[in-house]
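This report goes through the sheets, helices, cores and chain contact of one structure. Please keep the sequence and the model open while reading.

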Amino acid sequence: MRWGVVTFPGSLDDHDALYAIDHVLGSPAVSLWHKDRDLHGVDCVVLPGGFSYGDYLRCGALARFSPVMDSVASFARAGGLVLGICNGFQVLCEAGLLPGVLIRNRGLSFICAPVHVRVDNSSTPFTNAYKPGEILTLPIKHGEGCYVADEVTLRDLEEHGQVVLRYVDASGRVSEAANPNGSLHNVAGICNRARNVFGLMPHPEYVVEKLLGGDDGLRIFRSVVAANAAGRTEAVASVAPGH
Amino acid sequence: MLAKVYVTLKPGVLDPAGKAIEHSLHALGFAEVEGVRLGKYLEVRLEGQARKAAEQRVDEMCRKLLANGVIEDYRFELHE
């Protein structure tokens, strides 16, 4: 399979995502320039972390209108796999490909620290390599990671198993102390109803080598490779080439 | 034409920045302050056009980009 990692003006973690996928996992990955509408036949699009467009107006608000996002939206609607990490998650919410929005951290501080998250849905193309309820240690580095949505949306997300990752303490308990940014329901990552679009605030691409502190994040990428191999591409195959 | 756009947080949306400002005002001695909500003000200069059309266009700008409907409300004034 092939991966595409988008670079917007201000994206920071695009190269780290490429490194994790191409170098560590050994899965071919290419860079996708934000002005290029061609997705070059990739099977999974990654929207990376960073400060696209300087976070001007709102995080991800301007990036969502980059030319490449028209193609990403079509690709997602046709069932293509899209992974949004941190700023990428913000872009997905602004683009309406995921519900809700990420706002300023409750404590107002930018937080750069490892957190514990629990895999609350291991039946997605992005988490099938984890055990249900598995607790991971992933770093967060964000100032606007507080997930909010109205009550109806939150209830919907919970009912349909769309909360994929949740902030927990070391023993797996959901608590306010374990919540670094005030996210409602301790949401760290969600997917859409069809499970092909996944956004998360923590950075799995930084935790892919035991030598550098841990590899809990690697299995998100491994999951995608497995899902792709298992034939998830039947939905994407129906999309016209050059989408 | 000039559109003055006000983007404000919907009631009930967490506003830690507003809270921080409230605390600072209290620290400065303004004990009467009971709450602060922080919003955005934008000035959008437009080529002149019929007022009705301009209102529709600015409304569309707000809905599409300037305000995030999940957490923000907007209103605007048009000045010739």
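Which residues in α1(A) meet which residues in α5(A)? On the α1(A) side they are A20(A), I21(A), V24(A) and L25(A), and on the α5(A) side L218(A), F221(A) and R222(A). The model is a predicted one.

**Helices of chain A**

Helix α1 of chain A covers residues 14-25 and helix α5 of chain A covers residues 218-229. The two pack with their axes 11 Å apart, at an angle of about 70 degrees. An angle from 65 to 115 degrees counts as roughly perpendicular, which means that α1(A) is roughly perpendicular to α5(A). By class, the residues of this contact are six nonpolar, no polar and one charged.

Helix α3 of chain A (residues 87-94) has eight of its eight residues buried, so the helix is largely enclosed by the rest of the structure. The buried residues are N87(A), G88(A), F89(A), Q90(A), V91(A), L92(A), C93(A) and E94(A). They pack against four strands of chain A: β3 (44-47), β4 (81-85), β5 (101-103) and β11 (197-200). After α3(A) comes G96(A), which has a positive phi, near 75 degrees.

**Nonpolar cores**

The largest nonpolar core has 76 residues. Those that touch the most other members are V45(A), V46(A), V82(A), L92(A) and L102(A). One of them, L92(A), is also among the buried residues of α3(A). For V46(A), with neighbours within four places in sequence left aside, the contacts are W3(A), G4(A), V5(A), V6(A), A17(A), L83(A), I85(A) and G88(A). A second core, separate from this one, has seven residues, including V7(B), V58(B), L66(B) and Y74(B). In soluble globular proteins, nonpolar side chains tend to be buried together.

**Sheets**

Each chain has an open sheet described here, in chain A and in chain B. The table sets out their values.

| Sheet | Strand order | Pairing | Edge strands | Average twist, strand to strand |
|---|---|---|---|---|
| Nine strands, chain A | β2-β1-β3-β4-β11-β10-β9-β6-β7 | mixed | β2 (29-33), β7 (135-142) | 25 degrees |
| Three strands, chain B | β2-β1-β3 | antiparallel | β2 (40-45), β3 (72-79) | 20 degrees |

In chain A, strand β6 (residues 111-119) runs antiparallel to β7(A), and eight bridges join the two. Within this pair, V115(A) has L138(A) of β7(A) as its bridge partner. Strand β7(A) is an edge strand and pairs on one side only.

In chain B, strand β1 (residues 2-9) and β3(B) are antiparallel and share eight bridges. Here V5(B) is opposite F76(B) of β3(B). Helix α2 of chain B (residues 51-66) lies across β1, β2 and β3 of that chain. The angle between α2(B) and β3(B) is about 150 degrees. An angle over 145 degrees counts as roughly antiparallel.

**Contact between the chains**

How many residues of chain B are in contact with chain A? Nine residues of chain B are in contact with 14 residues of chain A. Helix α1 of chain B (residues 16-27) gives the largest share of the chain B side, three residues. Sorted by class, the chain B side has eight nonpolar residues, one polar residue and no charged residues.

Definitions and conventions. Residues numbered from 1 in each chain as written. Chains lettered and ligands numbered in written order. Predicted model: local features only at pLDDT ≥ 70, side-chain atom pairs only at ≥ 80, totals over all residues. Core = buried A, V, L, I, M, F, W, Y, C linked by C-beta atoms within 7 Å. Buried ≥ 20, exposed ≤ 12 C-beta atoms within 10 Å, placed from the backbone. Contact = placed C-beta atoms within 7 Å. Pairing = 2+ DSSP bridges. Axes fitted to C-alpha atoms, helices over the stretch in contact; angles between N-to-C directions. Nonpolar A, V, L, I, M, F, W, Y, C, P; charged D, E, K, R; others polar. Parallel < 35°, antiparallel > 145°, perpendicular 65-115°, else oblique.
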